[in-house]
Every structure is written in structure tokens, then in C-alpha cells.
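Subject: The structure I promised you

Hi,

Here is the structure for you to open up and turn around. Have a look first, then read on for what came out of it.

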Amino acid sequence: MPFPKFPSPSLAASLSSLALLAGCVGPGDPQRPVPTPLPRPAPVRPTPEPAATPPPPAPVEWQYRPAAPGDWSYATEANGSVARFGPSTASPQLTLRCDRAGRRITLARAGVAQGNALTIRTSYGAQSWPAGIDPAAGLVAARTASDTAWDQIAYSRGKIAVEAAGAAPLIVPAWAEIGRVIEDCR
């Protein structure tokens, strides 16, 4: 019997190659277990960091703080002159008074009932002045009119600060009324 003819010799070669490849695969190893795929881990979501509290603001130097609300007023008195700072002249927070006869100037910080010193800060630096308590005026410090500390107060750039133990600093503008009281006493 004659052999049937294949449609093409390349098809015959392809089929024989396929048959040979099929013979290369042997039965599986019975002792070797079939690997099972590992379970896929759940994706790890990053935990959000707690909201960071902003750092506290850096302390602001006294000369950059706003001045206390109020205005300076000037008045002459029988024995000299007076400059008052505050929201009204009836209730001043800071008073400079010239005693012309004694050639002394007193500085009184109202609302302070304790302490034995006032710290005066100007653009020239800080000075601690001994002070006493006056029930009517508050904490009071006195200096001779010729003391150069008065010039530092009068010519301070923009502001002065008056500090007392147990009270917030009082920051006031350095206006002309201060210089007028000082000149009246000299």
C-alpha cells in the first residue's frame, strides 16, 4: 500500500518535532510535592503620623512687641511738671514727675504692689533702679535730674519698657513728654 502524501514537507517536519517534544516530558516525581502558591500578603498601608504641634513661637524681644494702648499727656504743676501715660489721664499706668525744688524726677509704675526694683529698658540697654511702694502711685523710683539714665529714656529709639517683679512688662512709646519733664527739672 502506498503512503499517503502530506500536503507539505515542512508540515511533516513540524509534526514530527512536536511528537519528539511530547516524548521528552515524563511523568511527575511522586515524592516531590506540587508547590502551592503562597498567599499574597495584604498591602501595608503607612500609618499617618500624628499631627505635629507647631513649635512655640520664639520669644519676641521687648523692642519688637507692641506698645501698650494709651497716650502721653503733659501738665505743669506748682513744683514742676508731670507726664502721664495710659488710656486716660485719670488712671495712668506710668508717671514721670519733676520735683523742681529737689531736682529729682520720680518714675511711678501703677498697679504694682510688690517688689523693690524697677528695670528700665531702652535702646541703650537695661538698668535696675531701686524702688519703693507708694500705695497711691504703685512702685516708685527716684533719681536726680542730672542722671544720664534720663537721657537714655528720653532718646530711646521708639520705645521704653518698665518691668517690675510679678507684673507684665509695660512697653510705652518714647514721646516728647518724657524729655519735657526731664528738661523742666534741669
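First, a term: on a 1 Å grid over the protein atoms alone, a cavity is a set of points where a 1.4 Å probe fits but cannot get out, and its lining residues have an atom within 4 Å of a point. Grid points are joined across faces, edges and corners, and a volume is the space filled by probe spheres set on the points.

Keep in mind that this is a predicted model: local features need pLDDT of at least 70, side-chain atom pairs count only at pLDDT 80 or more, and totals for chains, interfaces and linings use all residues. Residues are numbered from 1 along each chain as its sequence is written, and side-chain values use heavy atoms, with hydrogens and water left out.

Now the cavity. Searching the whole structure turns up one of 30 Å³ or more, and the largest holds about 40 Å³ of space. Its lining is made of Ile120, Thr122, Gly125, Gln127, Trp129, Ala149, Gln152 and Ile153.

Next, the sheet. Strands here are DSSP runs (E, at least two residues), numbered from the N terminus, and two of them pair if DSSP finds at least two bridges between them. Six strands make an open, antiparallel sheet in the order β1-β2-β3-β4-β8-β7. β1 (71-77) and β7 (132-134) are at the edges with a single partner strand each, so one side of each has no neighbour in the sheet. β1 pairs with β2 (residues 80-86) over seven bridges.

Finally, Thr95 sits in β3 (residues 94-99). Thr95 is buried (under 20% relative accessible area, 1.4 Å probe, protein chains only), at 12%.

Cheers

Terms used. Helices (H or I, at least four residues) and strands (E, at least two) are DSSP runs, numbered from the N terminus. Buried means under 20% relative accessible area, exposed over 50%, partly exposed in between (1.4 Å probe, protein chains only). On a 1 Å grid over the protein atoms alone, a cavity is a set of points where a 1.4 Å probe fits but cannot get out, and a pocket is an open set with protein on both sides within 12 Å along at least five of seven lines; lining residues have an atom within 4 Å of a point.
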